[in-house]
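User: I would like to go through this model step by step, with the reasoning spelled out for each answer.

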Amino acid sequence: MQATATVLVYSDDSNTREQVRLAAGRRPAPDVPVVEFVECATPQAVVRELDKGGIDVVVLDGEAAPMGGMGLCRQIKDEVFRCPPVLLLIGRPQDAWLATWSRADAAVTLPVEPVELASALASLLRRASLQQSA
């Protein structure tokens, strides 16, 4: 297992980014690496960070403005070679179908519920680790 995993968190709201960091903690589950966060407040910053490489999981705020995480997710899934798994933050459980449309790998509702977010993030980190070793 790698020593650390890098998680990109996108939201135009610094409070949402903080909620994600606090809910995930330093290690979302005992069997996944320690997490380092890269925060982005604009879609352009997300694309720049993904182009650099080294991102293991992406967390996108579906309620962000001017570009929501759903549209951004669909864009990066189309444009980024070997796009990392994406966890989408959605406003309501009824928006899960939109998360599917956006090709997100998992979705959790806002406001962030720590156990749910940590569990979903850990699952995607496991998946990312398996993809890297394949």
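Analyst: A residue is called buried here when its relative accessible area is under 20%, exposed when that area is over 50%, and partly exposed in between. The model is a predicted one, and every value below is computed from it.

User: What percentage of the 134 residues in the protein chain is buried?
Analyst: The cut-off for a buried residue is a relative accessible area under 20%. Applied to the 134 residues of the protein chain, this gives a buried share of 46%.

User: Which pattern does the protein chain follow when read along the sequence?
Analyst: The secondary structure of the chain comes to five helices and five strands. Read along the sequence, these elements follow the pattern β-α-β-α-β-α-β-α-β-α.

User: What is the radius of gyration of the protein chain, and what does the globule rule give for 134 residues?
Analyst: Along its principal axes, the C-alpha trace spans about 35 × 30 × 25 Å. Among contacts between residues at least 6 apart in sequence, 67% join residues at least 24 apart. The chain is as compact as a globular protein of that length, because the globule rule gives 14 Å for 134 residues and the radius of gyration is close to this, at 13 Å.

User: In what order do the five strands form the open sheet?
Analyst: The pairing in this open sheet is parallel, and the order of its five strands is S2-S1-S3-S4-S5. The edge strands, each of which pairs on one side only, are S2 (34–40) and S5. Neighbouring strands are turned against each other, with direction ignored, by an average of 25°.

User: Over how many bridges do S1 and S2 pair, and which residue is the bridge partner of Ala5 in S2?
Analyst: Strand S1, residues 4–10, pairs with S2 in the parallel sense, and the pairing runs over seven bridges. Within S2, the residue that partners Ala5 is Val35.

User: Why is S1 described as largely enclosed by the rest of the structure?
Analyst: The description rests on burial, for which the cut-off is a relative accessible area under 20%. Strand S1 is largely enclosed because, of its seven residues, the number that are buried is six.

User: Which element gives the largest share of the largest nonpolar core?
Analyst: This core has 23 residues, and those touching the most other members are Val7, Val59, Leu87, Leu117, Leu121 and Leu125. The elements that give two or more residues to the core are S1, helix H1 (14–24), S3, S4 and H5. The largest share, seven residues, comes from H5.

User: Which residues does Leu117 touch, and how many residues are in the second, separate core?
Analyst: Leaving aside residues up to four places away in sequence, Leu117 touches Val20, Ala23, Ala24, Leu87, Leu89, Val108 and Val112. The second core is separate and includes Val58, Cys73, Val80 and Ala104, with a total of 21 residues.

User: Is the peptide bond from Ala65 to Pro66 cis or trans, and what kind of bond joins Leu110 and Pro111?
Analyst: Pro66 lies in the loop between strand S3 (57–61) and helix H3 (69–79), and the bond that leads into Pro66 from Ala65 has omega near 5°, which is a cis value. Pro111 lies in the loop between strand S5 (106–109) and helix H5 (114–133). For the bond between Leu110 and Pro111, omega is about -5°, and this bond is also cis.

User: Is Arg82 buried or exposed, and what is the class of Arg103?
Analyst: Arg82, in the loop between H3 and strand S4 (86–90), has a positive phi near 50° although it is not a glycine. Arg103, in the loop between helix H4 (96–101) and S5, likewise has a positive phi, near 75°. The relative accessible area of Arg82 is 72%, which means that this residue is exposed, whereas Arg103, at 34%, is partly exposed.

User: Which residues does Gly68 touch, and is Gly68 buried or exposed?
Analyst: Gly68 is placed in the loop between S3 and H3. Not counting residues up to four places away in sequence, Gly68 touches Asp61 and Gly62. Its relative accessible area is 18%, so Gly68 is buried.

User: Which residues does UniProt give for the feature "domain: Response regulatory"?
Analyst: The end C-alpha atoms of the span in question lie 9 Å apart, and the span is 42% helix and 22% strand. The UniProt record, an unreviewed entry, places this feature at residues 6–125.

Notes: Residues are numbered from 1 along each chain as its sequence is written. This is a predicted model: local features need pLDDT of at least 70, side-chain atom pairs count only at pLDDT 80 or more; totals for chains, interfaces and linings use all residues. Side-chain values use heavy atoms; hydrogens and water are left out. Helices (H or I, at least four residues) and strands (E, at least two) are DSSP runs, numbered from the N terminus. Buried means under 20% relative accessible area, exposed over 50%, partly exposed in between (1.4 Å probe, protein chains only). UniProt positions are given in the numbering used here, feature names are shortened, and annotations may be inferred rather than shown by experiment. Two strands pair if DSSP finds at least two bridges between them. Axes are lines fitted to C-alpha atoms, for helices over the stretch in contact, and angles run from 0 to 180 degrees between N-to-C directions. A nonpolar core is a set of buried Ala, Val, Leu, Ile, Met, Phe, Trp, Tyr and Cys residues joined through side-chain atoms within 4.5 Å. Contact means heavy atoms within 4.5 Å. The radius of gyration is taken over C-alpha atoms; the globule rule is 2.2 Å times the number of residues to the power 0.38.
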